[in-house]
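Visitor: I am new to this structure and would love a close look at one part of it. Could you pick a spot and walk me through what surrounds it?

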Amino acid sequence: TLDLDNIQGDILSGLPKKTQSYIFFQIVDVTKFRADLARFVPFVKTVAGVLKDRDLIKEHKKKGHKTLIPLVGVNIAFSHLGFVKLGIDDSSLGGATDPFIIGQFKDSTQNLGDAGTQTTSGLVPNWDPAFVQPLHGVILISGESHETLHKKKLEIECIFGVRTIQPSIFEVTSLRGDVRPGVESGHEHFGFLDGISNPAVTGFDKDPNPGPVPVNPGVIVTGHTGDLDQATRAAWAVDGSFLVFRYLFQQVPEFNDFLQKNPIAFQDLTPEEGSDLLGARLVGRWKSGAPIDLSPFKDDPMLAADPKRNNDFKIEGEINSQFRCPFAAHVRRTNPRNDLEALPPPVGPISVQKNRILRRGVQFGPELTKEEKTTAKTEYGRGLLFACYQTSITNGFQFLQKAWANNPKFPLGQTQPEEPGLDPLIGQGVRSMSGTDPNNEEKVINGMPDFIIPRGGEYFFSPSLKGLRETLAS
Ligand code: N7H
């Protein structure tokens with residue numbers, strides 16, 4: 001069984017948030033850090049703590065309050081370099097070739113496809129300078145308002161002696177994300193509803209909505225059934241999860257311009273509807289969230305709003321076809337459902353269970369300005385502070401990016417003449433895809449602009465409360 005008092009809250013339940021800060025730090029004084037960490041641990045919100053908070057939020061709403069209840073959630077995670085600095089043996093988290101041990105800085109150009117620049121010290125990803133430095137850990141603070149967040153950040157900085165003559169950490173950079181305002185709340189910057197499909201976890205999600213098969217707890221939480229390294233995890237490394245963080249910028253005006261200039265001429269659609277259809281076929285869902293596999297040529301807001309139906313699709317009967325949904329559409333690529341799970345022998349069927357990830361991102365940056373809309377050029381940085389949890393980065397995030405999104409031939413079992421191409425949103429490489437036009441599935445869009453640009457990231461491990469208390473702190 002899962003010990004909800006021992007697992008950090010962001011992992012299984014997600015810290016409730018309107019706003020969230022990520023504080024990336026280096027440990028500068030190991031002895032002091034371990035002592036400070038002991039005083040920090042009581043701040044850490046567990047899954048059980050989040051569930052209590054959710055009840056409070058419900059109660060508050062039931063009483064008819066319009067204001068948000070002040071709530072804050074704090075979590076912490078460490079990189080391999082962080083464990084090395086602390087002198088903690090983290091070999092049960094991965095061998096020498098595991099992405100966690102290699103770190104995302106190297107993995108970005110070696111495996112993820114991030115663009116880089118050749119320097120005397122090797123290939124360096126074109127990242128924000130903060131992420132070119134070694135990071136030892138990250139502190140997450142989520143809350144309902146900037147005030148609450150700021151207050152908690154000051155308290156945490158106090159614990160670690162930041163801005164005193166003897167700090168135990170150095171803050172390399174802090175990033176803040178905010179849920180978008182008004183009707184765009186819950187939608188990412190391109191305008192699509194996000195956070196619909198996350199795997200239900202057996203033993204945690206009591207009454208999962210119809211959709212993909214729930215995953216074993218060990219796909220997300222270390223040391224449980226489904227964790228492929230269950231047998232060899234050190235005791236302190238049980239009840240944790242790997243947190244992949246990616247700093248992803250979105251070229252929103254350019255994305256909108258691309259849709260506007262390439263409307264799909266289909267049936268009696270107006271050019272505007274044709275542009276919306278193209279957007280939906282790049283993502284695999286309409287902006288409302290309705291999956292195009294169920295509603296291929298017209299949005300269906302009722303379907304989108306119904307949690308019992310909006311994730312209940314399998315690309316059924318369509319596994320060798322792009323008519324309803326392109327092979328490369330973002331949601332088909334990142335969770336191929338029947339493309340693998342109903343693939344006929346001898347290649348299939350292949351379970352996607354070990355490749356599922358729990359996503360916990362938040363948007364950053366301002367809304368589009370009038371000028372950006374007119375010029376179709378990004379002036380202000382905006383995008384997604386992408387975060388996801390899993391017990392294997394090799395099978396989870398890295399696999400999704402490398403073996404699926406960046407692979408123009410995926411899904412392997414299909415026999416159509418056209419090459420599927422890259423995931424049009426996150427795929428890195430020669431950016432082309434087929435299947436956008438239902439009238440002509442073989443038609444290829446070449447030279448698709450980059451809509452998402454990675455500017456940083458790291459691989460972290462989010463330990464259990466017991467691990468934090470007994471092994472990391474002292
Ligand atoms: Fe993606 N987007 O707005 O277009 N994503 N994604 N993602 N993504 C999903 O079903 C988006 C990124 C996954 O089970 C939706 O919840 C953006 C990375 C997975 O059906 C939308 C960015 C990776 C799923 C977006 C981004 C993934 C998923 C539909 C970056 C992993 C679930 C909403 C800025 C390598 C698939 C939903 C399933 C869904 C968008 C990044 C993975 C709208 C803007 C880097 C597994």
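Guide: Let's begin at Val 244 in this predicted model. Setting aside the residues within four places of it in sequence, Val 244 is in contact with Ala 387, Cys 388, Ile 393, Phe 397 and Tyr 459. Val 244 also belongs to the largest nonpolar core, a set of 105 residues, where Val 138, Ile 139, Ile 220 and Val 244 touch the most other members. Strand E7, covering residues 241–250, is the element that gives the most to this core, with seven residues. At least three of the core's residues come from each of domain 1 (9–241 + 457–472) and domain 2 (249–375 + 400–456).

From there, let's turn to helix H7, residues 146–159. At 1.5 Å a residue, its 14 residues should span 20 Å, and the end C-alpha atoms are indeed 20 Å apart, so the expected and modelled spans agree. Which residues of H7 are buried? They are Leu 149, Lys 153 and Ile 156. Viewed down the axis of H7, these buried residues fall within an arc of 65°, so they line one face of the helix. The general pattern helps here: an α-helix has 3.6 residues a turn, so residues three or four places apart point the same way. Among the elements covering the buried residues of H7 are strand E1 (19–27), helix H2 (30–40) and strand E5 (137–143). On the face turned away from that buried side, you will find the exposed residues Glu 147 and Leu 154. Finally, just after H7, Gly 161 takes a positive phi of about 65°.

Note on methods:
Residues numbered from 1 in each chain as written. Predicted model: local features only at pLDDT ≥ 70, side-chain atom pairs only at ≥ 80, totals over all residues. Core = buried A, V, L, I, M, F, W, Y, C linked by C-beta atoms within 7 Å. Buried ≥ 20, exposed ≤ 12 C-beta atoms within 10 Å, placed from the backbone. Helix = DSSP H or I, 4+ residues; strand = E, 2+ residues; numbered from the N terminus. Domains from an automatic or database assignment. Contact = placed C-beta atoms within 7 Å. Expected span 1.5 Å × (residues − 1). Arc of directions from axis to C-beta.
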